[in-house]
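Here's a quick briefing to read with the viewer open. Have a look at the model first, then we'll walk through a sheet and a sulfur link.

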Amino acid sequence: QVQLEESGGGLVQTGGSLRLSCAASGSIFRFNTMGWYRQAPGKQRELVASVTSGGTTNYADSVKGRFIVARVHVKNTLYLQMNSLKPEDTAVYFCNGVRRDLTGEYDYWGQGTQVTVSL
């Protein structure tokens, strides 16, 4: 069974930093794309940052210049370095992996890790 598990969330003050990690286990295949999503109370889940197997990154406008996404393929691990955190970044952050093959596209999700940014 394929599992994604996030870690590194916590409580920080405005302007602080956190580093999130996502560890994938139970598989030997590479995800085509891995990314971070977040969901704040009362809001829809949104893409924060993603990276393809080829290294192409994509960031939400709200985090550009502040967050960095990185991927270590051999370890099937995804990271999110979050700098200059704002209260608006408060959310549950989810790790996502997408795998495509001849049969279709498959989505995998972690349980989420809470990030809270205080004033």
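How many bridges join E1 to strand E3, and which way do they run? There are 5 bridges between E1 and E3, and the two strands run antiparallel. Keep in mind that this is a predicted model. E3 is a handy place to start, as it covers residues 18–25 and holds Cys22, one half of a disulfide.

**The sheet**
- E1 and E3 belong to an open sheet of 4 strands, ordered E1-E3-E8-E7 and paired antiparallel.
- The edge spots go to E1 (3–7) and E7 (67–72); each has a single partner strand, so one side of each is left without a neighbour in the sheet.
- On average, neighbouring strands here are turned by 15° against each other, ignoring direction.
- Zooming in on the E1 and E3 pairing, Glu6 has Cys22 in E3 as its bridge partner.

**The disulfide**
- Searching the whole structure turns up 1 disulfide.
- That link is formed by Cys22 and Cys95, with their sulfur atoms 1.9 Å apart.
- If you care about the torsion, the Cys22 and Cys95 link has -80° about the S-S bond, which is left-handed.
- Cys22 sits in strand E3 and Cys95 in strand E9 (residues 91–101), so the pair ties together parts that are 73 residues apart in sequence.

**Surroundings of the link**
- Are the two cysteines, Cys22 and Cys95, buried or exposed? Both of them are buried.
- So Cys22 plays two parts in this picture: bridge partner of Glu6 and, from strand E3, one end of the tie to Cys95 in E9.

How values were computed
Residues numbered from 1 in each chain as written. Predicted model: local features only at pLDDT ≥ 70, side-chain atom pairs only at ≥ 80, totals over all residues. Heavy atoms only, no water. Pairing = 2+ DSSP bridges. Axes fitted to C-alpha atoms, helices over the stretch in contact; angles between N-to-C directions. Disulfide = S-S within 2.5 Å. Buried < 20%, exposed > 50% of the residue type's maximum accessible area, 1.4 Å probe, protein only.
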